[in-house]
Amino acid sequence: MPDGLREGRDLIAFGNIKALYDFHKRIFTVGMTNAQNDATKILELFRKRKSDLMFRYGKYSINYPRSELIVKQFQNSYFTKMETHLEQSMRLADHLIKPVQHLMRYSMLLEELVKHCKIAEQNDEAEKFQECYQIAKEITKNVNEMMEAGRIELFPGDISKQGVLIYRGSVNCKVPSPKKSIFSRRKVSEKIEPCQIFVFEQSVVICYHSSRETELEVKHEYRYWHKFQINKMQVRESPKGHDGMTFELHDSKADSPIPNLIIITKTLKEKVELVEQITSEIKKLEGFTGLLGNPTMKL
C-alpha cells in the first residue's frame, strides 16, 4: 500500500459503506421481505426507518467527495492493481457511486407503483405508496445536499459530525472590509460576498461560494468561512438599518472572530424559511438541554 494511503486514508475511500450494507442486510431488506408486498407494512417501514436511511446515506454522501479524490489520486498506483488481482470487471470508483444510485432507484420504483396502482384503481395502495415515494424523495434530496456539504474546503474538523443537513442555499453576506480614510487611520466599510449557507442540526456553516464552467458541467466550490454553533447563537430577524430581505446571525462565543453577520436572501420567502429553520433548531436544542436538567419536563 502506498504511504499516502496509510494511517486511515484507505478507510476514507470506503466511508461507512459496510455500515450501509449491514443496515440493509439486517434491517431494511428483512423489513421489506416481511412486508410481503403489503402497502401498509411498507409505509410503516419507510416511516420507521426514514431517519436511519437519512443518517446512513447522508454520512456516506458527505464523505463521497473525499473518497472520490483519494481513489482518483491512487487509481493507477494502487487501486488498478487491486482490481486486476480481484478480477473486478468494474473500477472501484464505479462501485463506490452505487449506494447513491441505489437510493435514487427507490423513488423511481415507488413512483411506478403509484402509477400502476392508480391504473388498477387501487387508490388506498396508491396513497400509501405515494407517501413512501415522498419519503424516499426527501431522503434522496437530503443525500444530494449532504454530498455538496462534503465539498466544503478547509472545514475545521469533521463535517459529518454536524448532524443532519436541514437547509442549503445561496445568500449574500456583508463582509467587513478595512479601508484607509483621510479622516482616520482605519475605517471599516462593508462589501457584499456571494456565500452558501448550510444549516445542520448542530451548526450553521457559512462558506464563500464560487462556480466555474467546465466542458461537462458547472462546478460549485465552497470555501469555509465561519461556523455558528446552534447552542451558542441567536437570530435577529430584522436588524436595524436593513431591508426586509436581511437577517442577522449573532455568535455568542466570547472569542468569536465574527460576532455578528448580516445575511441577505434573494426573496422574502427564503428569508422566512431560513429564519424559521435556524430558530427551530435553537429551540429544539434549548428544549433538549432543559429536559436533561429537569427530566420531569415535557418537550
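**Reading a predicted chain: charges, strands and rings**

Me: How many positive and negative side chains does the chain have, and how far apart are the centres of the two sets?

Reply: The chain carries 47 positive and 40 negative side chains. The centres of these two sets lie 5 Å apart. Lys and Arg count as positive, Asp and Glu as negative, while His and the chain ends are not counted. Each charge is placed at NZ of Lys, CZ of Arg, CG of Asp or CD of Glu.

Me: What kind of model is this, and how are residues numbered?

Reply: This is a predicted model, in which local features need pLDDT of at least 70 and side-chain atom pairs count only at pLDDT 80 or more, while totals for chains, interfaces and linings use all residues. Residues are numbered from 1 along each chain as its sequence is written, and side-chain values use heavy atoms, with hydrogens and water left out.

Me: Which helices and strands should I expect, and what does the chain span?

Reply: Helices (H or I, at least four residues) and strands (E, at least two) are DSSP runs, numbered from the N terminus. This chain has seven helices and eight strands. Its C-alpha trace spans about 75 × 55 × 45 Å along the principal axes.

Me: What share of the chain is buried, and what is its accessible surface?

Reply: Buried means under 20% relative accessible area, exposed over 50%, and partly exposed in between (1.4 Å probe, protein chains only). Of the 299 residues here, 38% are buried. Areas come from the Shrake-Rupley method with a 1.4 Å probe, and for residues only the protein chains shown count as cover. The accessible surface comes to about 18,600 Å². Carbon and sulfur atoms hold 52% of that surface.

Me: What share of the contacts joins residues 24 or more positions apart?

Reply: A contact means heavy atoms within 4.5 Å. Take the contacts with a separation of 6 or more: residues 24 or more positions apart account for 58% of them.

Me: Now the strands. Which strands pair with β7, and is β7 mostly covered or open?

Reply: Two strands pair if DSSP finds at least two bridges between them. Strand β7 covers residues 246-251, and five of its six residues are buried. Strand β6 (residues 233-236) is joined to β7 by four bridges, running antiparallel. There, Q234 stands opposite H250. Strand β8 (residues 260-264) also runs antiparallel to β7, with five bridges. In that pairing, E248 has I262 as its bridge partner.

Me: Which strands pair with β5, and do they run parallel or antiparallel?

Reply: Strand β5 covers residues 218-229 and runs parallel to β1 (residues 152-153), with two bridges. I152 is bridged to Y222 in β5. Strand β4 (residues 203-213) runs antiparallel to β5, and 11 bridges join them. V204 has F228 as its bridge partner in β5. β4 and β5 form a hairpin, with four residues between them.

Me: What does H209 touch, and is H209 buried or exposed?

Reply: H209 sits in strand β4. It is buried, with a relative accessible area of 18%. Leaving out residues up to four places away in sequence, H209 touches S170, P194, C195, Q196, H220, E221 and Y222. V175 is 34 residues from H209 along the chain, and their C-alpha atoms are separated by 13 Å.

Me: Back to the helices. How many aromatic pairs are there?

Reply: Rings of Phe, Tyr and Trp (its six-membered ring) pair if their centres lie within 6.5 Å; planes under 30 degrees apart count as stacked, over 60 as edge-to-face and the rest as tilted. The count here comes to nine aromatic pairs. One of them is F28 with F46, edge-to-face, at 5.5 Å centre to centre and 85° between the planes. F28 lies in helix α2 (residues 17-35) and F46 in helix α3 (residues 39-85), so this pair ties together parts 18 residues apart in sequence. F28 is buried, at a relative accessible area of 1%. F46 is buried too, at 1%.

Me: Which ring pairs with F46 from helix α5?

Reply: Y106 does, edge-to-face, at 6.1 Å centre to centre and 90° between the planes. F46 lies in α3 and Y106 in helix α5 (residues 98-119), so the pair ties together parts 60 residues apart in sequence. Both F46 and Y106 are buried. F23, F28, F46 and Y106 form one aromatic cluster.

Me: Where is R49, and what does R49 contact?

Reply: R49 is in helix α3. Beyond its neighbours within four places in sequence, R49 is in contact with F23, I27 and F28. The C-alpha atoms of R49 and E221 are separated by 32 Å, and these residues are 172 apart along the chain.
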